[in-house]
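The following exercises concern a single protein chain. Each task is followed by a solution that proceeds step by step.

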Amino acid sequence: MLGFSEEQIRRYARHIILPEVGVSGQKKLLSSKVLVIGAGGLGSPAILYLAAAGVGTIGIVDFDCVDLSNLQRQIIHSSERVGTPKVKSASQSVRALNPDVKVIEHETALNSSNALDIIKDYDIVLDGTDNFPARFLINDACFFLKKPLVSAAMLRFEGQLTIFDMKEFSPCYRCLYPEPPPPGLVPSCQEAGILGSIGGVMGALQASEALKFLLGIGESLVGKLLIYDALSTEFKKLKLRKDPSCPLCSKNPKIDKLIDYEQVCT
């Protein structure tokens, strides 16, 4: 098959037989660049499914090391890698899964001084972080660069997912939350707990939405918020509207540069 090795034909056979994907779609994936910020509970399954799908370049941003408490949900890591930087551990898993994939390791904390430079070369961004300062920073950087953002969050038995495509009439994260909440108002997973498999569900959905975007197929979650409740096994989809007074994406924005919120919300 033109442009594919025999091994690639076997590896991606289940994609190639899909009319919506085919040879041309698989070539798109192999030439695509996806950035996953956070190699934790959300990023772990997302990275693995993107790699398995044959996304040609995957960037991984994380500054943390693998801890034993991570392994309940962060399936890209293993017991043998406790103490290893998460980007190194995740890269090792990706390379073992699919040698076609080029991994770019960003072993750093994302901040206002490096976010634009890191994000600018990718086609789409997946936010797998677990704190508000990072989510606001990623949203703002993607808005300034006009990069689509697949945003997910999870806590206890619930997960949420949406896409911000950063187009004129679409909402951004600040349309939902103009400013970070006061410190301590929203508990973290460390404080409130998380059912490990929630990360698998939401991370896999993030990967699916990214693959659909790269392939140009299906209906995206732009302008919609998907909520998953594991206890009731229910999915709900809510409409999101652009805030005409949004401090970032409105016609009269108040924010024109990246902001580090670490001192405000931790």
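Axes are lines fitted to C-alpha atoms, for helices over the stretch in contact, and angles run from 0 to 180 degrees between N-to-C directions. Helices (H or I, at least four residues) and strands (E, at least two) are DSSP runs, numbered from the N terminus. The model is predicted: local features need pLDDT of at least 70, side-chain atom pairs count only at pLDDT 80 or more, and totals for chains, interfaces and linings use all residues. Residues are numbered from 1 along each chain as its sequence is written, and side-chain values use heavy atoms, with hydrogens and water left out.

**Exercise 1. Determine how helix H4 packs against H10, and which residues make the contact.**

Step 1. The axes of H4 and H10 are 7 Å apart, and the packing angle is about 40 degrees.

Step 2. Angles under 35 degrees count as roughly parallel, over 145 as roughly antiparallel, 65 to 115 as roughly perpendicular and the rest as oblique. H4 is therefore oblique to H10.

Step 3. The crossing of H4 and H10 is right-handed. A crossing is left-handed if the near helix is turned anticlockwise from the far one by less than a right angle, and right-handed if clockwise.

Step 4. Contact means heavy atoms within 4.5 Å. H4 contributes Pro 45, Ala 46, Tyr 49, Leu 50 and Ala 53, while H10 contributes Gly 199, Gly 200, Gly 203, Ala 204, Ala 207, Ala 210 and Leu 211.

Step 5. Ala, Val, Leu, Ile, Met, Phe, Trp, Tyr, Cys and Pro count as nonpolar, Asp, Glu, Lys and Arg as charged, and the others, Gly among them, as polar. The contact of H4 with H10 thus has nine nonpolar, three polar and no charged residues.

**Exercise 2. Characterise the packing of H4 on H5, and state why H4 is described as largely enclosed.**

Step 1. H4 and H5 have axes 9 Å apart and pack at about 30 degrees, so H4 is roughly parallel to H5.

Step 2. The crossing of H4 and H5 is right-handed. Ile 47, Leu 48, Ala 51 and Ala 52 of H4 meet Ser 93, Val 94 and Leu 97 of H5. By class, this contact has six nonpolar, one polar and no charged residues.

Step 3. Buried means under 20% relative accessible area, exposed over 50%, and partly exposed in between (1.4 Å probe, protein chains only). Nine of the 11 residues of H4 (residues 43-53) are buried, so the helix is largely enclosed by the rest of the structure. Among these buried residues are Gly 43, Ser 44 and Ala 53.

Step 4. Gly 54 follows H4 and has a positive phi, near 90 degrees.

**Exercise 3. Describe the crossing of H3 with H10.**

Step 1. The axes of H3 (residues 22-30) and H10 (residues 196-215) come within 9 Å and cross at roughly 115 degrees. H3 is therefore roughly perpendicular to H10.

Step 2. This crossing of H3 and H10 is right-handed. The contact involves Gly 25, Lys 28 and Leu 29 of H3, together with Leu 211, Leu 214 and Leu 215 of H10.

Step 3. Its class composition is four nonpolar, one polar and one charged residues.

**Exercise 4. What is the strand order of the open sheet, and which strands lie at its edges?**

Step 1. Two strands pair if DSSP finds at least two bridges between them. The open sheet has eight strands in the order S3-S2-S1-S4-S5-S6-S7-S8, with mixed pairing.

Step 2. S3 (102-106) and S8 (234-239) are the edge strands, each pairing on one side only. On average, neighbouring strands of this sheet are turned by 15 degrees against each other, direction ignored.

Step 3. S7 (residues 224-229) and S8 pair in the antiparallel sense over six bridges. Within this part of the sheet, Glu 234 in S8 is the bridge partner of Asp 229.

Step 4. H5 packs on the sheet and touches S2 and S3; its direction makes about 175 degrees with that of S3.

Step 5. S1 and S2 run parallel, joined by five bridges. Ile 37 has Val 61 in S2 as its bridge partner. Four of the five residues of S1 (residues 33-37) are buried, so this strand is largely enclosed by the rest of the structure.

**Exercise 5. Are the loop residues Met 166 and Thr 233 buried or exposed?**

Step 1. Most residues other than glycine have a negative phi. Phi of Met 166 is positive, near 60 degrees, and Thr 233 has a positive phi of about 55 degrees.

Step 2. Met 166 lies in the loop between S6 (158-164) and H8 (173-176). Its relative accessible area is 5%, so Met 166 is buried.

Step 3. Thr 233 lies in the loop between S7 and S8. With a relative accessible area of 60%, Thr 233 is exposed.
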